[in-house]
Amino acid sequence: MNRTVESGKTLLVDGPASVTVVSGKVKVFGSVLRNGRKVVIREGKRLPFTVEEATTFDISLGDNANIEEVDGNTIPSSWIKAYEELLTLQMKPVTAMVLGTVDSGKTSLCTYLTNKLLNEKQKVAILDGDLGQSDIGPPCTIAYTFVTRPITDPFNIEAKNAFFVGVTSPSKAIDKVIEGLVSLKREILSNNLDFVIVNTDGWIEGEDAVNYKIQLVKQLNPDILFCIQQKDELASLLNALEKRRKVIVDSPSAIRQRSREKRRSLRELGYIKYLKNAKVQSIPLSWLKIEENEFIGLSVTRGNTKKAWKIYELLGMKPLRLVELRDKICMVIGRSRWLHSDNIRKVEEFTKKKVVVVRKGEEEGLLMALYDAERKFLGIGVLLEIHYRRKVIKIYTPVSKDVSMVAIGKVKLDKNLKEIPPAFTEENQSNSTTFKRLF
Ligand SMILES: Nc1ncnc2c1ncn2[C@@H]1O[C@H](COP(=O)(O)OP(=O)(O)O)[C@@H](O)[C@H]1O
Ligand SMILES: [Mg+2]
């Protein structure tokens with residue numbers, strides 16, 4: 001379908017859709033689209049095509065896609081001012097951090113600032129700290145990349161390196177998110193750059209969120225903060241960040257809010273993208289360094305120490321695997337084995353740690369990350385099975401390079417790469433009410 005839009009108007013396109021510029025002059029978040037350029041808009045995303053000279057588009061719309069023409073530019077004037085302020089900063093490299101709630105326009109502001117900077121021949125990196133709605137790198141990771149050409153959607157560019165967190169919500173992995181961002185920022189800064197644009201997750205309301213964001217700002221120490229406000233949702237955070245250089249910007253009114261389901265299905269597009277061409281691989285456990293985990297982890301007991309034998313005796317059985325972590329004892333038992341709660345209590349008294357019992361098979365579907373010997377992120381995979389007796393791990397992954405280290409996440413995927421909601425436990429129950437809206 002061809003459509004011509006007058007200058008001074010904006011064409012809003014809700015995906016899934018593809019739009020080709022036939023003729024005219026048009027921008028998306030500050031990126032000028034050449035004639036013949038095709039832009040794909042994912043389901044759940046909306047792109048504003050800001051028409052500067054009458055433009056003809058060739059548009060294909062998928063199911064539930066939509067187009068709408070509006071007057072003027074939907075990029076708020078406060079974003080233009082924010083960019084101007086960013087340019088006034090003299091020190092190089094400049095680190096700018098974007099803060100805002102879910103669906104406030106964080107990704108779009110990062111895209112806009114990056115494009116504007118690239119138009120000025122600046123060297124720019126984007127560090128994406130939004131786990132739940134990752135733009136760069138797979139879902140549940142933090143990632144960065146150097147952007148060399150203006151972009152319409154950072155989802156289309158490949159990550160330079162990533163740090164796997166393994167959950168979709170930062171509330172469950174505050175320290176890890178901060179650790180990942182700090183280490184990736186350090187890596188970015190070892191390159192010659194002018195600007196680092198840091199995106200963050202949308203968890204900003206409530207005391208825990210505010211404390212987390214304060215920590216994040218402290219550790220990453222950005223030179224400037226761009227805070228996107230819809231109403232007054234950032235009030236307590238802004239108060240706490242009083243001494244920081246910051247610019248408060250508007251959330252575009254043309255923004256499209258997404259339901260939790262939409263956010264999940266956008267994430268699932270990420271799993272599909274990063275698991276394309278995956279194959280089943282069996283790797284001996286002895287070849288791998290495994291990040292501390294309930295299913296494998298570093299077993300201090302090695303099955304034969306005095307302590308392990310005492311635990312087996314108290315349990316009245318020998319589990320498939322016994323793992324002692326900092327704060328708990330984890331054991332993996334066969335699918336149909338049964339453990340008496342009295343015996344578990346005895347082990348807890350003996351070890352002074354909480355006992356967590358997992359069943360063989362429960363590991364199936366867990367999202368994981370694969371790294372090389374230098375801890376460079378190679379990609380994600382889905383854990384299919386840990387064979388405790390044969391001591392091999394079966395992973396569904398597109399990674400074909402030598403894997404030295406793996407990290408196992410908490411997110412579980414089914415065979416169609418859809419997220420399986422976590423089992424209903426007390427812990428999840430209290431979390432789910434607070435975070436339902438967010439992730
Ligand atoms: N100025 C704008 N005009 C129209 N749509 C916009 C504008 N800014 C953002 N959007 C769209 O609104 C949706 C939410 O914005 P996004 O930047 O993804 O928010 P966040 O990263 O905070 O979740 C996206 O589909 C985005 O493309
Ligand atoms: Mg985003």
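**Figure 1. Secondary-structure elements in the shell around ligand 1.** In this predicted model, at least two residues of the shell around ligand 1 are supplied by strand E6 (46-61), and at least two by helix H2 (106-119). Helix H2 gives the largest share, three residues. Domain 1 (2-71) and domain 2 (77-273) each contribute at least three residues to this shell.

**Figure 2. Residues surrounding ligand 1.** The ligand is surrounded by 19 residues, of which Arg46, Thr74, Lys106, Thr107 and Ser108 come nearest. By residue class, the shell consists of seven nonpolar, six polar and six charged residues.

**Figure 3. Polar contacts of ligand 1 with Asp103, Gly105 and Lys106.** The view shows contacts made by backbone and side-chain atoms. A polar backbone atom of Asp103 is 3.0 Å from an oxygen atom of ligand 1. For Gly105, a backbone N or O atom likewise lies 3.0 Å from an oxygen atom of the ligand. Lys106 takes part through its side chain, a polar atom of which is placed 2.8 Å from an oxygen atom of ligand 1. On its own, ligand 1 has 560 Å² of accessible area, and the protein covers 98% of it.

**Figure 4. The cavity of ligand 1.** The largest cavity is the space that ligand 1 takes up. Among the residues that come nearest to the ligand are Arg46 and Thr74.

**Figure 5. Cis peptide bonds preceding Pro16 and Pro93.** Most peptide bonds are trans. Gly15 and Pro16, however, are joined by a cis peptide bond with an omega of about 5°. Pro16 belongs to the loop that runs between strand E2 (9-14) and strand E3 (17-28). A cis peptide bond also links Lys92 to Pro93, with omega at about -5°. Pro93 is located in the loop between helix H1 (77-88) and strand E8 (94-99).

**Figure 6. Backbone conformation at Lys352.** Most residues other than glycine have a negative phi. Lys352, which is not a glycine, has a positive phi, near 60°. This residue is found in the loop between helix H8 (341-351) and strand E19 (354-359).

How values were computed:
Residues are numbered from 1 along each chain as its sequence is written. Chains are lettered from A and ligands numbered from 1 in the order in which they are written. This is a predicted model: local features need pLDDT of at least 70, side-chain atom pairs count only at pLDDT 80 or more; totals for chains, interfaces and linings use all residues. Side-chain values use heavy atoms; hydrogens and water are left out. A residue is near a molecule or strand if one of its heavy atoms lies within 4 Å of it. A polar contact is a pair of N or O atoms within 3.5 Å; within protein, one must be able to donate a hydrogen and the other to accept it, and residues adjacent in sequence count only if both atoms are side-chain atoms. Accessible areas come from the Shrake-Rupley method with a 1.4 Å probe; for residues, only the protein chains shown count as cover. On a 1 Å grid over the protein atoms alone, a cavity is a set of points where a 1.4 Å probe fits but cannot get out, and a pocket is an open set with protein on both sides within 12 Å along at least five of seven lines; lining residues have an atom within 4 Å of a point. A molecule sits in a cavity or pocket if more than half of its atoms lie within 2 Å of its grid points. Helices (H or I, at least four residues) and strands (E, at least two) are DSSP runs, numbered from the N terminus. Ala, Val, Leu, Ile, Met, Phe, Trp, Tyr, Cys and Pro count as nonpolar, Asp, Glu, Lys and Arg as charged, and the others, Gly among them, as polar. Domain bounds come from an automatic or database domain assignment.
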